[in-house]
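Hi,

Here is the structure I said I would pass on. Have a look at it, and then read on for what turned up.

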Amino acid sequence: MKKYFTLALVVVSLCTANAQDYNFSQFYELPLLRNPALAGIFDGNFRAKSVFRNQWQSVTTPYRTSGISAEMKFHAGRGNWHNLAMQATYDVAGDSRLSRVQVLPVYTFHLQIAEENYLSMGMMAGAVSSQFDPTKLTWDDQFVNGSFNVNNPTSQIIRNTNRNYFELATGLAFTRPLGEMGTLYIGGSMFHITRPRVSFDPNNEDRLERKYGLNGGLTVPTGARDAFTFYTDAFFQGGHRQNMIGGMYTMALADEYYDDKNKTSLHVGGAYRWNDAFIPVIKLDYQNFSFGLSYDVNTSKLKTASQSRGGFEFTLTYRNNAIGAGHNGDVPCPRFGSNF
């Protein structure tokens with residue numbers, strides 16, 4: 001019992017300290033939450049993604065987070081591209097059913113600055129809604145003569161259980177091929193630009209601190225049928241920092257690695273979230289679909305209480321690899337790289 005109580009206290013404090021931002025292990029599969037400028041950086045003209053995450057199932061009331069996104073590119077002339085996207089997420093955590101819904105439209109412009117080199121500029125803005133159920137909470141004055149009863153009255157007064165606010169984020173990214181060495185992208189982003197007030201108490205001025213991000217990725221072909229991909233993110237927010245790195249080896253199981261019409265590929269690798277978790281990952285590409293599965297092996301100070309158990313995460317991606325659907329019969333995108 002003591003270890004569960006300790007775990008709950010630490011998890012709550014960590015969520016508060018990090019301003020309750022979402023945390024996905026397959027971070028490279030959620031480009032819009034990494035940097036709005038990464039929207040549209042893929043081969044094809046349409047991509048849809050979904051994710052489901054279940055965390056702390058074995059030790060406390062689980063934290064469940066799900067999300068969907070869609071991206072579509074349009075030719076803007078002279079090698080440039082518009083991208084329209086939408087990111088929606090839903091999160092629920094703890095006994096109080098603390099939940100949050102985000103609906104965030106994204107616009108990104110991809111400017112060709114040299115042959116196959118692009119500067120991408122993105123903007124994301126939308127609504128966020130948070131709420132909780134106070135009837136699920138328990139208070140110390142509901143313990144009478146050492147016995148708890150949910151029907152015992154409490155002197156705690158909660159006047160507001162909902163909070164809505166506006167989210168604004170922006171970012172830049174640079175993408176270029178490296179010849180036979182592969183494809184590279186780097187970027188920077190800023191979230192919570194307006195520092196929205198997030199407290200449920202109307203008299204409390206607690207605000208969401210601005211979050212700054214650095215993003216990078218590199219795909220290196222190692223043969224006609226395989227490649228290695230590296231991803232990294234670093235975020236800085238209110239004196240806190242989070243670093244993640246990941247890498248996957250990809251092997252084509254049918255046809256060549258870059259044959260997008262009939263591609264079947266297997267990805268095996270992992271990610272590491274600094275001072276928190278090691279995450280083994282496996283992913284399968286089958287034609288236009290990709291399926292990813294990961295599990296957090298907890299390595300933080302919580303590992304004793306959690307018995308190193310974190311949470312599993314599942315991702316599903318659909319990507320339209322259409323050839324000839326773009327302007328003048330061109331591929332409807334710059335050659336950004338199959339794994340971005």
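First, a term you will need: a salt bridge here is a side-chain nitrogen of Lys or Arg within 4 Å of a carboxyl oxygen of Asp or Glu. By that rule D276 and R273 make one, as their closest N and O atoms are 2.6 Å apart. Please keep in mind that this is a predicted model.

The two partners sit in unlike surroundings: D276 is partly exposed, with a relative accessible area of 21%, whereas R273 is buried, at 2%. The cut-off behind those words is that buried means under 20%. The pair is also part of something wider, since salt bridges that share partners join R53, R273, D276, D296 and E313 into one network.

How many salt bridges does a search of the whole structure find? It finds ten. Here are two others to look up.

Start with R34 and D233, whose side chains meet in a salt bridge at 2.8 Å, N to O. R34 belongs to helix α2 (residues 31–34) and D233 to strand β11 (residues 226–237), so this pair ties together parts that are 199 residues apart in sequence. Are these two side chains out in the open or tucked away? R34 is buried, with a relative accessible area of 3%, and D233 is buried too, with 5%.

Then try E71 and R47, where the salt bridge spans 2.9 Å, N to O. This one runs between two strands: E71 is in β2 (residues 63–77) and R47 is in β1 (residues 46–55), so the pair ties together parts that are 24 residues apart in sequence. E71 is buried, with a relative accessible area of 0%, and R47 is buried as well, with 3%. As a general point, side chains of opposite charge can pair when their charged atoms come close.

Last, a stop away from the charges: M124. You will find M124 in strand β5 (residues 117–131). M124 counts as buried, at 1% relative accessibility. Which residues is M124 in contact with, leaving aside its neighbours within four places in sequence? They are L32, P36, L104, P105, V106, E167, L168, A169 and F191. One more pairing to check on screen is M124 with L33: the two are 91 residues apart in sequence and 9.5 Å apart in space, C-alpha to C-alpha.

That's it from me. Happy browsing!

Methods. Residues numbered from 1 in each chain as written. Predicted model: local features only at pLDDT ≥ 70, side-chain atom pairs only at ≥ 80, totals over all residues. Heavy atoms only, no water. Helix = DSSP H or I, 4+ residues; strand = E, 2+ residues; numbered from the N terminus. Buried < 20%, exposed > 50% of the residue type's maximum accessible area, 1.4 Å probe, protein only. Contact = heavy atoms within 4.5 Å.
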